[in-house]
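Good morning, colleagues. I should like to take you through one structure, beginning with its internal space and ending with its backbone.

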Amino acid sequence: MTTIGQDDFIASIEDALQYISYYHPPDFIKALGDAYAREESPAARDAMAQILVNSRMCAEGRRPICQDTGLVVVFLKIGMDVRWNAAMSVTDMVNEGVRRAYRNPDNVLRASMIRDPAGARSNTGDNTPAIVHMEVVPGDVVDVRLAAKGGGSENKAKFVMLNPSDDIVEWVVRTVPTMGAGWCPPGMLGIGIGGSAEKAMLLAKEALMEPIDMHDLKTRGPRDRIEELRIEIHDKVNALGIGAQGLGGLTTVLDVKIRDYPTHAASKPVAIIPNCAATRHVHFVLDGHGPARLPSVDLGDWPEVHLQASETVRRVHLDTLTRDDVAAWKSGERLLLSGKVLTGRDAAHKRIADLLGEGRPLPEGLDFTGRFIYYVGPVDPVRGEVVGPAGPTTATRMDKFTETMLDRTGLLGMIGKAERGAAAIEAIRRHRAVYLVAIGGAAYLVSKAIKAARVVAFADLGMEAIHEFEIRDMPVTVAVDARGESVHTSGPAAWRNDRAPPAGMQSGI
């Protein structure tokens, strides 16, 4: 009989969460590097280059790949012959490991979990509790599969109860475009088929823990219907032309993983859960001989990718911008931003809207006139950093505040990730404003462009407080220009139809 000690189990969870915060799985790096080498879309190629460079920087500096360091999901298979030398429950031990990992002073991870989700939505402060799934199986070891799942990709999960005669591939190919780019492609699709409603979702999440092997699968050929589905969905989704970050290109998904389960004769439950470019998961086994031994990392696994500013990139000084300057920018154009920018996410926008709705002034010193707001919730700084990893969050969550912000505050532009909805685009057009995108999954790289940071308002909101960043040469793309033209419409359309890059798309950063 194997004895698993409480301290060993907690330490293993802690170490694994730190490990996956800065190390991409090697299979992901290999697949993304291959996709980068094949990519023909300049915009998508630039996005992949930033993700790959960011990944290597994080591996070297041991800092988070993405500012959204995720909600923790753990799948445990506990052997029937395992004995626990512990005073805590298994779930409590997992949560203690999470608590220690996210508070580690050498690599602080952002706490994103909130309690009272239908009410006050207050941050738990240590990213607990984790989402824990346990199964008791034959054997004398504890098998652990652990992931940190970002909110942007988790929010794009889809579920449907199809009729038994309905085509799964057709539904998936029709559904993926409705997910937008907020899940930060290129990534993976986890698909669950069968069981019940909740079982299908669980199958989809478990599927994302599997290694990327689409190239090997295509080389040897499919052996069963599930593998045939994987290939068909992979090829048809990529043919949509959505591309990296939704900018248009050849690769939207690196792999499609499917798990199935018997279901009722009248049912056909299907779930999709995407994994983003900040794919973070690891698998280890505890056998009673101490904490987990995690895989060694070889920096030689990362491809040689270098970022260089192209002659076509427009350098922009935010502190002197006018509305006429912004009106000259075109959708798809690449920019390097320098100057001062304010930050704000959901909670800050809600407070601003409430203050304006009540006829009350904004906090002293907070003035958006002629300025840009960056949708970001950064990681806390360590070891002399100005700010921790600070990549963009999904902009569509701020769509309902866009008209108010542009009409009532004098805001000139916004920076985030992914597409904007129709109402937000119309507000941008009407106010002659602009929306820019930074690359999701390149948070540490972006943070290196931030030279100074200070809290301006709503300090009690923690990572959601309004900061002022002073930035230098921060790479962005014009996503929605002052005429209301969106690159998230024109980019995929061009690559879906004739694989010709749309007018205005430029390479280099």
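**Cavity and backbone geometry**

The residues that line the largest cavity comprise four nonpolar, two polar and three charged ones. Please bear in mind throughout that this is a predicted model.

How many cavities of 30 Å³ or more does the structure hold? There is one, and the volume of the largest cavity is about 80 Å³. Its lining consists of Ala 147, Ala 148, Lys 149, Lys 205, Leu 208, Met 209, Asn 275, Arg 280 and His 281. Which element gives the most to this lining? That is strand S7, residues 142–149, which supplies three residues.

Let me turn to the annotation. UniProt, in an unreviewed entry, lists residues 12–284 as "domain: Fe-S hydro-lyase tartrate dehydratase alpha-type catalytic". In the model, the C-alpha atoms at the two ends of residues 12–284 are 9 Å apart. By secondary structure, this span is 37% helix and 24% strand.

I now come to the backbone. As a general point, most peptide bonds are trans, and most residues other than glycine have a negative phi. With that in mind, I shall present two peptide bonds and then two residues.

Where are the cis bonds? One is the peptide bond from Thr 128 to Pro 129, with omega near 0°. Pro 129 sits in the loop that runs between strand S5, residues 122–123, and strand S6, residues 131–137. Another cis peptide bond joins Pro 185 and Pro 186, and here omega is about 10°. Pro 186 belongs to the loop between helix H6, residues 168–175, and strand S9, residues 187–194.

Next, the phi angles. Asp 116 is not a glycine, yet its phi is positive, near 55°. Its place is the loop between strand S4, residues 114–115, and strand S5. Ala 418 also has a positive phi, about 75°, although it is not a glycine. Ala 418 is located in the loop between strand S16, residues 413–416, and helix H13, residues 422–430.

Is each of these two residues buried, exposed or partly exposed? Asp 116 has a relative accessible area of 42%, so it is classed as partly exposed. For Ala 418 the relative accessible area is 3%, and it is therefore buried, the cut-off for that class being under 20%.

To close, I would leave you with two items to look at on the screen: the cavity with its volume of about 80 Å³, and Ala 418, buried and with a positive phi.

Key. Residues numbered from 1 in each chain as written. Predicted model: local features only at pLDDT ≥ 70, side-chain atom pairs only at ≥ 80, totals over all residues. Heavy atoms only, no water. Helix = DSSP H or I, 4+ residues; strand = E, 2+ residues; numbered from the N terminus. Buried < 20%, exposed > 50% of the residue type's maximum accessible area, 1.4 Å probe, protein only. UniProt positions renumbered as here; feature names shortened; annotations may be inferred. 1 Å grid on protein atoms, 1.4 Å probe; cavity = no way out; pocket = protein on both sides within 12 Å on 5 of 7 lines; lining within 4 Å. Points joined across faces, edges and corners; volume = space filled by probe spheres on them. Nonpolar A, V, L, I, M, F, W, Y, C, P; charged D, E, K, R; others polar.
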